[in-house]
Amino acid sequence: MKLKFPFAFRIASLKSGLFWRTFFLLGALTTTSMTAWVGMISVVQHEPQVQQISSQVISVVTITHAALTHSAPELRRELLFDLVSNEGIRVFTLEDDDKVDPPPDNALMPDIQKLVKAKLGEDTRFSARVNGVAGFWVSFKIDDDAYWLMLERERIRGLTGIQWLGWASVVSVVSLLGAAFISSLINLPLRRLTQATRAFAQGKRPDPLPEKGPMEIMVANRSFNQMVDQLQQVESDRAVILAGISHDLRTPLARMQLEVEMANLSNEAREGIQSDIAQMDDIIGQFLDYAKPTEVSSFINVDVSELLVDTAHEAERLPDVRIHTDIAPNAHVMGNATDIKRVINNLIENARRYGKTPGGELTEIDIKCSVKGMHTSRRVLIEVQDHGSGVPPEQIEQLLKPFTRLDTARGQANGAGLGLAIVDRVMQRHGAELQVRNREGGGLQIQIVMKAA
């Protein structure tokens, strides 16, 4: 059963990150606002644009009609040339066999046709292309003769759909960049606080957070800095207290041990008292190990393979222990070698006390070490397992709790119930993953996963 998993990969960080939530909310708000703005502009400018284009068409047709009507016949060719060169207006005779395309297809055209026909007559025709020539074509009459007047499209064309899309895209990109910038500014203080909290949880001393900015951020950063300082002071005071406790408690025990040696007691009584004194000294040691801090600044590159080999050789000297090893070479981690060795020794001692092989007085312990993964994903896996009777599955979660002892098989009154709690506490400070489960075939298996150095 997995009890700790600090290396779990959270793929939902993109969705749950505050920066991305703020960015998407600002982006959605900007997009909605821009869409509403475009719709409002389209509605508001529709009527003025229709009036403007219609007035322009009516004015051009009226002026051209008047100019052609009142000019001398011999000057009309020159007049038409001037209209083309100066105004971009062309006049052609309307023939029955002209190939006439429908009017331009846009939202303004129906209203433009209605206004222009109201001024120039219902027989006015419109076209987007006549005889293959593109333009804005309007028909008019001089007496009984019909003519086409062609205007350049640019003179009456508003913003096209492509242009609207282009401008909208530019505004969207600028808005999203602004949203990203604003989100970054909003989340910067929280990101600093998160990084400092994570570093402090890993046992590091974070740099003081800047006590400036908005009132809420300033108060939060000041409170965090004060908390760090106070906890560091508590750690310092605890180290002094622990040193005092060790001296004050073990000095009477040493005196009692000496008095027992000198007292006139039977061997049985002397051995019983000495066993009790040793047990008390061991319990004091467990308390000190549990409360002792692990400084991340003391972490070095530790050759776990060599450490496990040395620890296994030391454990093999115990008369009631048999060690089987399968240790891969060159497994390195960043940590405190003394603390890691203490963890392995606690696991071996826990197995020796409570994991004896059924039907015998020996404890068989398997120690394994391997390296998994590649590059930054490399992990060192350490396994310590016995061949005893194991632990009921529903009680496995209780093993790592301080001062917890289970049934009589693993709960004799010769300890404080801190063995595995010490292991869990030290591994947490090393950022390791600790898994406890029953071994197939009987026994308890402890697996430690550490980041490879």
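**Close-up views of a predicted model**

**View 1. Helix α9 holds E314, a residue of intermediate exposure.** In this predicted model, E314 has its place in helix α9. Because its relative accessibility is 34%, E314 counts as partly exposed, a class that lies between the buried limit of under 20% and the exposed limit of over 50%. The C-alpha atoms of E314 and N345 are separated by 9.5 Å in space, although the two residues stand 31 residues apart in sequence.

**View 2. An open sheet of 5 strands has β6 and β10 at its edges.** The strands follow one another in the order β6-β8-β9-β11-β10, and their pairing is mixed. Since β6 and β10 each have a single partner strand, one side of each is left without a neighbour in the sheet. Averaged over the sheet and with direction ignored, neighbouring strands are turned by 15° against each other. Helix α9 packs on this sheet, where it touches β6, β8 and β9, and its direction makes about 165° with that of β6. Helix α10 also packs on the sheet, touching β6, β8, β9 and β11, with its direction at about 145° to that of β8.

**View 3. Strands β10 and β11 form an antiparallel hairpin.** The pairing of β10 with β11 runs in the antiparallel sense and extends over 6 bridges. Within this pairing, V436 has I446 of β11 as its bridge partner, while Q435 stands opposite Q447, likewise in β11. The hairpin has 5 residues between the strands, and G441 takes a positive phi near 95° there.

**View 4. D386 of strand β9 makes a polar contact with the backbone of L444.** D386 lies in strand β9 and counts as buried because its relative accessibility is 3%, where the limit for that class is under 20%. From this position, the side chain of D386 reaches the backbone nitrogen of L444 at a distance of 3.0 Å.

**View 5. The largest nonpolar core of the model has 40 residues.** The residues with the most contacts inside this core are L308, L347, I365, C369, I382 and I448. Two or more core residues come from each of the helices α9 (304-315), α10 (337-354) and α11 (419-429), and also from each of the strands β6 (321-327), β8 (363-372), β9 (379-386), β10 (433-438) and β11 (444-451). Among these elements, α10 gives the most, with 6 residues. In soluble globular proteins, nonpolar side chains tend to be buried together.

**View 6. I365 has contacts with residues distant in sequence, and a second core is separate from the largest one.** When residues up to four places away in sequence are not counted, I365 touches V321, R322, I323, H324, I348, A351, R352, V384 and Q385. A second core, separate from the largest one, has 22 residues, including L68, L83, I112 and I142.

**View 7. The whole chain gives the setting for the close-ups, with 11 helices and 11 strands**. Of the 453 residues in the chain, 33% are buried. Among contacts with a separation of 6 or more, 66% join residues that are 24 or more positions apart. The chain exposes about 27000 Å², of which carbon and sulfur atoms supply 58%.

Notes: Residues numbered from 1 in each chain as written. Predicted model: local features only at pLDDT ≥ 70, side-chain atom pairs only at ≥ 80, totals over all residues. Heavy atoms only, no water. Core = buried A, V, L, I, M, F, W, Y, C linked by side-chain atoms within 4.5 Å. Buried < 20%, exposed > 50% of the residue type's maximum accessible area, 1.4 Å probe, protein only. Helix = DSSP H or I, 4+ residues; strand = E, 2+ residues; numbered from the N terminus. Contact = heavy atoms within 4.5 Å. Pairing = 2+ DSSP bridges. Axes fitted to C-alpha atoms, helices over the stretch in contact; angles between N-to-C directions. Areas by Shrake-Rupley, 256 points an atom, 1.4 Å probe, with all protein chains shown as cover. Polar contact = N/O pair within 3.5 Å; in protein donor to acceptor, adjacent residues only side chain to side chain.
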